[in-house]
Amino acid sequence: MGRINQVIIFLSLFIVYLLMHANPGYGIRLIEVQPLFEVRDQLNQPSDVAVSKDGRIYVVDGVNNKVRIYDQGGRLVSSFGSAGAKSSQLRFPLGIDLDSSGNIYVADAGNHRVQIFSPQGDFIAKMDIPRGKIKPADPTDVAVDQTLQRCYVVDNDNHRILVYDLANLELIRTIGTPGSEKRNFNYPFLMALDKDSYLYVVEVINTRVQVLNPEGLFVNFIGAWGVEQGEFYRPKGVALDKHNRVYVSDSYLGVIQVFDASGNFYAALGDPRTKKVKKFKTPVGLFIDRLNRLYVVEMRANKVSVFRLE
């Protein structure tokens, strides 16, 4: 196995080199991103980001057991959370989402729950996630669908998605079992909803994004294992733009690939200065706001990079 792992690592690094030096002439379409600013203040291995209608930026600062709030220019406004298991306390939170009123939903992984806060960070409610058949619940992300009045929760360690009624916060059903087939999951991590309430779930170990319709039925797989365009080594984050194109971060290769609505490879994000594939440092959570700005959480760089999409 040692020899196989060495070969895999070599191939990965070789492809990374090719991606770094690629340009459109070599057949890789690029979507150029214009850098706007970076959010860095006090972050320690952030994991996810969400942006409100008025431009406030909410970043999960999990190592510090906080959510930090920044203005639309990236300046720190406030934060909430502290280490612990009481209401409003957090233990290694990972994922985040907002509803249309600006309320904040946080996947409080270490406490096996989702907590809901006001836009200012005041505690509202919590959902204790039930233990799975394999391990205690490990909620790594949450997605709010107000059109259908649902709240989706990823349970990473138990390879499933839980669907809650948004009105009463009661469990409606559970989707998924461990495996690699349709409606199977293998360490799902972050997710996103499109404008038609289709759910896009990143599976880290299955190295793909699985798409489910509003009824929870299988629609499509995006990507597969590999280190070439259209493939993933360690996918982590996902976001959708106004054209329903799907952006997926690969934390190991350090690139962000874009797929069309049918799941076909469309492009890679490119640097307008070098005309090459843009490299990120451990990209994880992604978000695209109403102004067509892309937010990339770079975990190991302890920052969120913000770009204008062309």
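1. Start at Ile256. Leaving aside residues up to four places away in sequence, Ile256 touches Tyr247, Val248, Ser249, Ala268, Leu269, Phe280, Leu286 and Val296. Bear in mind throughout that this is a predicted model.

2. Ile256 belongs to the largest nonpolar core, which has 15 residues. Together with Tyr247, Leu269 and Val296, Ile256 is among those with the most contacts inside this core. Three of these residues, Tyr247, Leu269 and Val296, also appear in the contact list of Ile256. As background, nonpolar side chains in soluble globular proteins tend to be buried together.

3. Which elements give two or more residues to the largest core? They are strand 1 (30–39), strand 22 (255–259), strand 23 (265–271), strand 25 (283–288), strand 26 (293–298) and strand 27 (303–309).

4. Another core lies apart from the largest one. This core has 14 residues, including Ile116, Ala137, Val153 and Leu162.

5. Next, a sheet. Strands 6, 7, 8 and 9 form an open sheet, in the order 6-7-8-9, with antiparallel pairing. Its edges are strand 6 (96–98) and strand 9 (123–128), each of which pairs on one side only. On average, neighbouring strands here are turned by 20 degrees against each other, direction ignored.

6. Look closely at one pair in that sheet. Strand 8 (residues 113–117) and strand 9 run antiparallel and are joined by five bridges. One detail to check by eye: Gln115 has Lys126, in strand 9, as its bridge partner.

7. Now the open space. The largest pocket holds about 1,200 Å³. Its lining comprises 46 residues, and Asp97, Leu98, Leu193, Phe287 and Ile288 are the closest to the pocket centre.

8. Which strand supplies the largest share of that lining? Strand 10 does, with five residues. Strand 2 (48–51), strand 6, strand 10 (139–145), strand 16 (188–193), strand 20 (235–240) and strand 25 each supply at least two residues. Two of these strands have come up already. Strand 6 is an edge strand of the open sheet, and strand 25 gives two or more residues to the largest core.

9. Last, the closed space. How many cavities of 30 Å³ or more are there? The count comes to two. The second largest cavity contains about 40 Å³ of space. Val33, Pro35, Asp271, Pro272, Arg273, Lys278 and Phe307 line this cavity.

Conventions. Residues numbered from 1 in each chain as written. Predicted model: local features only at pLDDT ≥ 70, side-chain atom pairs only at ≥ 80, totals over all residues. Heavy atoms only, no water. Pairing = 2+ DSSP bridges. Helix = DSSP H or I, 4+ residues; strand = E, 2+ residues; numbered from the N terminus. Axes fitted to C-alpha atoms, helices over the stretch in contact; angles between N-to-C directions. Core = buried A, V, L, I, M, F, W, Y, C linked by side-chain atoms within 4.5 Å. Buried < 20%, exposed > 50% of the residue type's maximum accessible area, 1.4 Å probe, protein only. Contact = heavy atoms within 4.5 Å. 1 Å grid on protein atoms, 1.4 Å probe; cavity = no way out; pocket = protein on both sides within 12 Å on 5 of 7 lines; lining within 4 Å. Points joined across faces, edges and corners; volume = space filled by probe spheres on them.
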